[in-house]
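Thanks for making the time, everyone. I would like to take you through one model this morning, beginning with the overall fold and then turning to a single pair of packed elements.

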Amino acid sequence: MAELAQRDDGGFAAPWWLRGPHLQTLYAPLLRRVEPPPRRRERLELADGDFVDLDWAGPAGDPRTPLVVLLHGLAGSSASPYLAGLQRVLAARGWGSVALNFRGASGEPNRRAHSYHSGETGDLAALLAVLRQRHPERRLAAVGFSLGGNVLLKWLGESGSGAGLDVACAVSVPLRLDLCASRLDRGLSRAYRDHLLRQLKRALAAKQAHLQRRGDRAELERFARLGDWRAARSFWQFDQAVIAPLHGFASAADYYARASSWHYLDGIRVPTLLVQARDDPFMGHGTLPPAVAWPPTVTLRASPGGGHVGFVHGSPLAPRFWLEQCVPEFLASQL
């Protein structure tokens, strides 16, 4: 393998009015309102009897235009500002895009006790198979954010040249889930942890109530065997109580070891851009070493600042979102 192609500046510089990891991380979720492009929803039925919802934008089936799959982060959806904003930019270029709402993330609980996690690549694989069947002549790309970026990198690594994609981009990826879970237990990052855990617990309670209304005893029994997830105060505790037993892992540590995309990078054969910020408040020390031997297909753009899925620049009156520039540029360079 060749050494990872790397740009230390990443091409992004935080503006004077929005410096620091927390301002960068919080600006868009708190202040940005994005009107997505015209979209149409499709329900994709899965082989295990569950479903995922897809939100399509741009040209539906023109083989001359690329099609971009978009994957959101933990507790996100196709409505997340970073995803809706990128979908607008892609539509303006005349490209098609399809946002995959992971199980239970589209506003309606899914049918099974389990939903999605950082290492679940099966639903992405099912979607890509459908897209390749429907659109065999279209160039196919994928962009994943945070958890969605981890899912994407893991899929690329475990699939190699059979990934079914022409190009990929992953943003603010928790490459080492164990280090990131521990980082969220320290300092101001605990505020993000607590917010996400509240959302996950609400979703889990809604899922349980949904299964009770359906009278699905088999799936409810899976809930009954879980640990005390309501008492979880960290991702280590939540993943030990919920994610591990629901998805076939021996423990939270086993889940982190088997689901972290870090362990699959050697297998990536698709041209891939990895965009990270060195001040990301979700990332633990060692998550992003200064140099590492990765395959030549992977290019890292690591900026000193940018926060977690932030990368806001411009002026206070006219903020701009750098990801909506650099991601389409990279995709276009390969497509």
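How many helices and how many strands does the protein have? In this model, which I should say at once is a predicted one, there are 10 helices and 11 strands. The radius of gyration of the protein is 19 Å, close to the 20 Å that the globule rule gives for 335 residues, so the protein is as compact as a globular protein of that length. If you take the principal axes, the C-alpha atoms fill a box of roughly 50 × 45 × 45 Å. Of the 335 residues, 54% are buried, and among the contacts with a separation of 6 or more, 77% are accounted for by residues 24 or more positions apart.

Let me now turn to the helix pair. Two packed helices are described by the angle between their axes and by the distance between those axes. Helix α6, which covers residues 189-214, packs against helix α8, residues 235-247, at an angle of about 20°, and their axes lie 11 Å apart. Because angles under 35 degrees count as roughly parallel, α6 is roughly parallel to α8. The crossing in which α6 passes α8 is left-handed.

Which residues of α6 meet α8? On the α6 side they are Arg193, Leu196, Leu197, Leu200, Lys201 and Leu204, and on the α8 side their partners are Phe235, Phe238 and Val242. Sorted by class, this contact of α6 with α8 comprises 7 nonpolar and 2 charged residues, with no polar ones.

Key
Residues numbered from 1 in each chain as written. Predicted model: local features only at pLDDT ≥ 70, side-chain atom pairs only at ≥ 80, totals over all residues. Heavy atoms only, no water. Axes fitted to C-alpha atoms, helices over the stretch in contact; angles between N-to-C directions. Helix = DSSP H or I, 4+ residues; strand = E, 2+ residues; numbered from the N terminus. Parallel < 35°, antiparallel > 145°, perpendicular 65-115°, else oblique. Left-handed = near helix turned anticlockwise from the far one by under 90°. Contact = heavy atoms within 4.5 Å. Nonpolar A, V, L, I, M, F, W, Y, C, P; charged D, E, K, R; others polar. Rg over C-alpha atoms; globule rule 2.2 N^0.38 Å. Buried < 20%, exposed > 50% of the residue type's maximum accessible area, 1.4 Å probe, protein only.
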